[in-house]
Amino acid sequence: MRARYGVPLSIAAVGAAGLAYAAGIEVRSFRLRRVTVPVLPPGMRPLRVLQVSDIHMVSGQRKKQRWLQSLAGLRPDFVVNTGDNLSDPDGVPETLDALGPLMEFPGAYVFGSNDYYGPKLRNPGRYLIEKVQKRHGLNGNPPAVGVIHNPWEDLRDAFDTAGWVNLTNTRGRLKLDGSAGGFEIALTGLDDPHIKRDRYAHVAGGPEPDADLSLAVVHAPYLRCLDAFTADGYPLVLAGHTHGGQLCVPFYGALVTNCDIDTDRVKGLSTHTADGHTSFLHVSAGCGTNRYTPVRFACPPEATLLTLTPRD
């Protein structure tokens, strides 16, 4: 009896313990990532940018709401929201309540697929299959049918009323007041390439020379978008979407990215090169999960405080 069942039962016990940790502890172990990026013109004082992403709010997630509210204590110069705020059609009021203190700061945003559409239950193994077949989202897959439409217009209206800049396939400007007074940031954004809503032709042309800094923003870091932004000369691209792999292998890392970027750059700061140009890329692992897979392993939920410093 022991020889036949001892090892399988032990494996089952370890697996159950890991699942309990991933679903009950790590998914609520919110962290702040801090990175420094040398992209400012010489002589400018550092700027602090708070990036929040992939909140995937579900009604009743009080700890996540309180943590997001607490980030206002960082006093960033401006906020960038890289999408996927919702995972519940009824989650808009709680999302806005959680982000309310941050909406007192200058900010900009793009949307992700989960802002537009409610999630569907799916086999997590399909992410591995899609990675092998190089199919992700609607990029190579059939169009989604029978999906729930989220009230994303309510999010948009609230963000716009707060003065956050909508970067949906367009450009915008942020004028910073206070200690960063006099700085003007030009931002170029795309709608979510995961569902083929990106229109780079609408924003092509590169950084704006009369701004103190130009940044690029997109929800999902698909290579076609990173190539375009980098070739046009943007010094920094901000993205989310990947969840950092969400279920990672300790001492190895992510197995999937849910897009065509490589797993070595699934989260954090890296670089991207195209047409002889190199840009910094920051991918946020986000602070939420799809409501049907509320687990994280070896990949805690996060937001990022980026300190932009003068380049050499």
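These exercises walk through two sheets and one helix pair in a predicted model.

**Exercise 1. Find the order of strands in the open sheet that holds strand 12, and name its edge strands.**

Step 1. Trace the sheet across. Six strands line up as 1-12-2-3-4-5. The sheet is open, and its pairing is mixed.

Step 2. Look at the edges. Strand 1 (31-40) and strand 5 (165-166) are the edge strands. Each pairs on one side only.

Step 3. Take one pair inside the sheet. Strand 2 (residues 47-52) and strand 12 (residues 302-310) are antiparallel, with five bridges between them. Across this pair, Leu50 stands opposite Leu305 of strand 12.

**Exercise 2. Describe how helix 3 and helix 6 pack.**

Step 1. Decide what to report. Two packed helices are described by the angle between their axes and by the distance between those axes.

Step 2. Read both values. Helix 3 (residues 92-99) meets helix 6 (residues 152-161) at an angle of about 25°. The axes lie 10 Å apart.

Step 3. Classify the angle. Angles under 35 degrees count as roughly parallel. Helix 3 and helix 6 are therefore roughly parallel to each other. Their crossing is right-handed.

Step 4. List the contacts. Helix 3 brings Val92, Thr95, Leu96 and Leu99. Helix 6 answers with Asp154, Leu155, Ala158 and Phe159. By class, the contact holds six nonpolar residues, one polar and one charged.

**Exercise 3. Place strand 8 in its sheet and work out whether its residues are buried or exposed.**

Step 1. Set out the sheet. It is open, has six strands with mixed pairing, and runs in the order 6-7-8-9-11-10. Strand 6 (170-175) and strand 10 (268-274) each have a single partner strand, so one side of each lacks a neighbour in the sheet. The twist from one strand to the next averages 30°.

Step 2. Check the partners of strand 8. Strand 7 (residues 184-189) runs parallel to strand 8 and is joined to it by five bridges. Ile185 stands opposite Leu213 in strand 8, and Thr188 has Ala216 as its bridge partner. Strand 9 (residues 236-239) also pairs in the parallel sense with strand 8, over two bridges. Here Ala216 stands opposite Val237.

Step 3. Check the cover. In strand 8 (residues 213-217), five of five residues are buried. Leu213, Leu215 and Val217 point one way. Ser214 and Ala216 point the other way.

Step 4. Add the helix. Helix 7 (residues 223-231) lies across strands 7, 8, 9, 10 and 11 (277-283). Helix 7 runs at about 75° to strand 10.

Terms used
Residues numbered from 1 in each chain as written. Predicted model: local features only at pLDDT ≥ 70, side-chain atom pairs only at ≥ 80, totals over all residues. Heavy atoms only, no water. Pairing = 2+ DSSP bridges. Helix = DSSP H or I, 4+ residues; strand = E, 2+ residues; numbered from the N terminus. Axes fitted to C-alpha atoms, helices over the stretch in contact; angles between N-to-C directions. Parallel < 35°, antiparallel > 145°, perpendicular 65-115°, else oblique. Left-handed = near helix turned anticlockwise from the far one by under 90°. Contact = heavy atoms within 4.5 Å. Nonpolar A, V, L, I, M, F, W, Y, C, P; charged D, E, K, R; others polar. Buried < 20%, exposed > 50% of the residue type's maximum accessible area, 1.4 Å probe, protein only.
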